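Dear colleague,

Please find below the structure that I am handing over to you. My account of what was found in it follows directly after.

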Amino acid sequence: MFTVCPACGVYSVDRDIDPIGPFAACGACGHRHPFLRLPLFVLTGASGTGKTAVCLQLASRLPECVVLETDILWGPAFDRPETNWREFREAWLRLAKNIGQSGRPVVLGGTALPDQFESSLERRYFSEIHYLALLCSDNILTARLNARPEWRSCTPEFIEQMLTFNRWLGENADRTVPPLVLLDTSGGSVDETVGSVAAWIRARLPAS
């Protein structure tokens, strides 16, 4: 949308943002383009903690937002760990920024850490990014991953990676910038978890 300046035609993500307005100012001609600067919500966690199950129900339970799973855009072109998957995060923030111009904040479900979004150029177009991490006990996570169909390739090595990441989130959530909020999905039903996630998001939506 407004990555191309409507006044001079210059393409640039790296615009100055004036929160009073808000406006995105073109560095070439100074044109100040008004836009909606909404919050973004990121639902993260290890594979098997319930992100997909929650997102499937959250879309209908939270009509004031647009709920999307980041895996729908994943492909080999984005598999670049050497950049900390920056291109993938930038693409999703660009999409969420444009969706947000309809007036509905976006909820992204997918494994990620705050620094991967906070360091992105597109981050400046959001008022805040709120992070909620799902986690569960080791035995439940192992059982969920082992129950997946063969095509999901949940090898012992993959399961161990997810267990390690799941533990890391539990131990380091208050050390990320900004901190992660944790929600344990070990004991509750999917419906209960969806209700908790929806309540957490609604408490952080801008006043209408």
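Arg-61 is partly exposed, with a relative accessibility of 32%. In this predicted model, its side chain meets that of Asp-191 in a salt bridge, with 2.8 Å from N to O. Arg-61 belongs to helix α1 and Asp-191 to helix α6, so the pair ties together parts that are 130 residues apart in sequence. Asp-191 also counts as partly exposed, at 44% relative accessibility.

The structure holds twelve salt bridges. Another of them joins Arg-124 to Asp-14, where the closest N and O atoms are 2.6 Å apart. Because Arg-124 lies in the loop between α3 (114-118) and β7 while Asp-14 lies in the segment before β1, this pair ties together parts that are 110 residues apart in sequence. Arg-124 is partly exposed at 24% relative accessibility, and Asp-14 is partly exposed at 48%. A further salt bridge is formed by Arg-80 and Glu-87, with 3.0 Å between the closest N and O atoms. Arg-80 has a relative accessible area of 33% and is partly exposed; Glu-87, at 30%, counts as partly exposed too. These two residues are linked with Glu-82 in a network of salt bridges.

I turn next to helix α1. Which residues of α1 (residues 51-61) are buried? They are Lys-51, Val-54, Cys-55 and Leu-58. Seen down the helix axis, the buried residues of α1 fall within an arc of 100 degrees, so they line one face of the helix. An α-helix has 3.6 residues a turn, so residues three or four places apart point the same way. The face of α1 turned away from the buried side carries the exposed residues Leu-56 and Ser-60. The buried residues of α1 pack against β4 (40-45), β5, β6 (106-109), β7 (129-135) and α6 (190-202).

Strand β4 deserves a paragraph of its own. Six of the six residues of β4 are buried, so the strand is largely enclosed by the rest of the structure. Leu-40, Val-42 and Thr-44 point one way from β4, whereas Phe-41, Leu-43 and Gly-45 point the other way. In a regular strand the side chains alternate between the two faces of the sheet. β4 pairs with β6 in the parallel sense over four bridges, and Val-42 stands opposite Leu-108 in β6. β4 also runs parallel to β7, to which six bridges join it; there, the bridge partner of Phe-41 is His-130.

As to the interior, the largest nonpolar core has 34 residues, and those with the most contacts inside it are Leu-40, Leu-108, Phe-117, Tyr-125, Phe-126 and Ile-129. At least two residues of this core are supplied by each of β4, β5, α2, β6, β7, α4 and α5. The largest share, five residues, comes from α5. Apart from this core lies another, of 17 residues, among them Leu-43, Cys-55, Leu-58 and Trp-200. Returning to Leu-40, and leaving aside its neighbours within four places in sequence, its contacts include Leu-93, Ala-96, Val-106, Leu-108 and Phe-126.

There is also an open sheet of three strands, in the order β1-β2-β3, with antiparallel pairing. β1 and β3 (32-34) stand at the edges, each with a single partner strand, so one side of each is left without a neighbour in the sheet. From one strand to the next the twist averages 30 degrees. Three bridges join β1 to β2, and Asp-16 stands opposite Ala-25 in β2.

Finally, some points concern the backbone. Which peptide bonds are cis? One is the bond from Gly-21 to Pro-22, with omega near -15 degrees; Pro-22 is placed in the loop between β1 (16-18) and β2 (23-25). Another is the bond from Val-177 to Pro-178, with omega near -5 degrees, and Pro-178 lies in the loop between α5 (156-172) and β8 (181-184). Asn-84 has a positive phi of about 60 degrees although it is not a glycine. Asn-84 lies in the loop between β5 (66-69) and α2 (86-100) and is partly exposed, with a relative accessible area of 30%. Ser-153 likewise has a positive phi, near 55 degrees. Ser-153 is found in the loop between α4 (138-146) and α5, and counts as partly exposed at 46% relative accessibility.

With kind regards

Terms used:
Residues numbered from 1 in each chain as written. Predicted model: local features only at pLDDT ≥ 70, side-chain atom pairs only at ≥ 80, totals over all residues. Heavy atoms only, no water. Buried < 20%, exposed > 50% of the residue type's maximum accessible area, 1.4 Å probe, protein only. Arc of directions from axis to C-beta. Contact = heavy atoms within 4.5 Å. Pairing = 2+ DSSP bridges. Core = buried A, V, L, I, M, F, W, Y, C linked by side-chain atoms within 4.5 Å. Axes fitted to C-alpha atoms, helices over the stretch in contact; angles between N-to-C directions. Salt bridge = Lys/Arg side-chain N within 4 Å of Asp/Glu carboxyl O.
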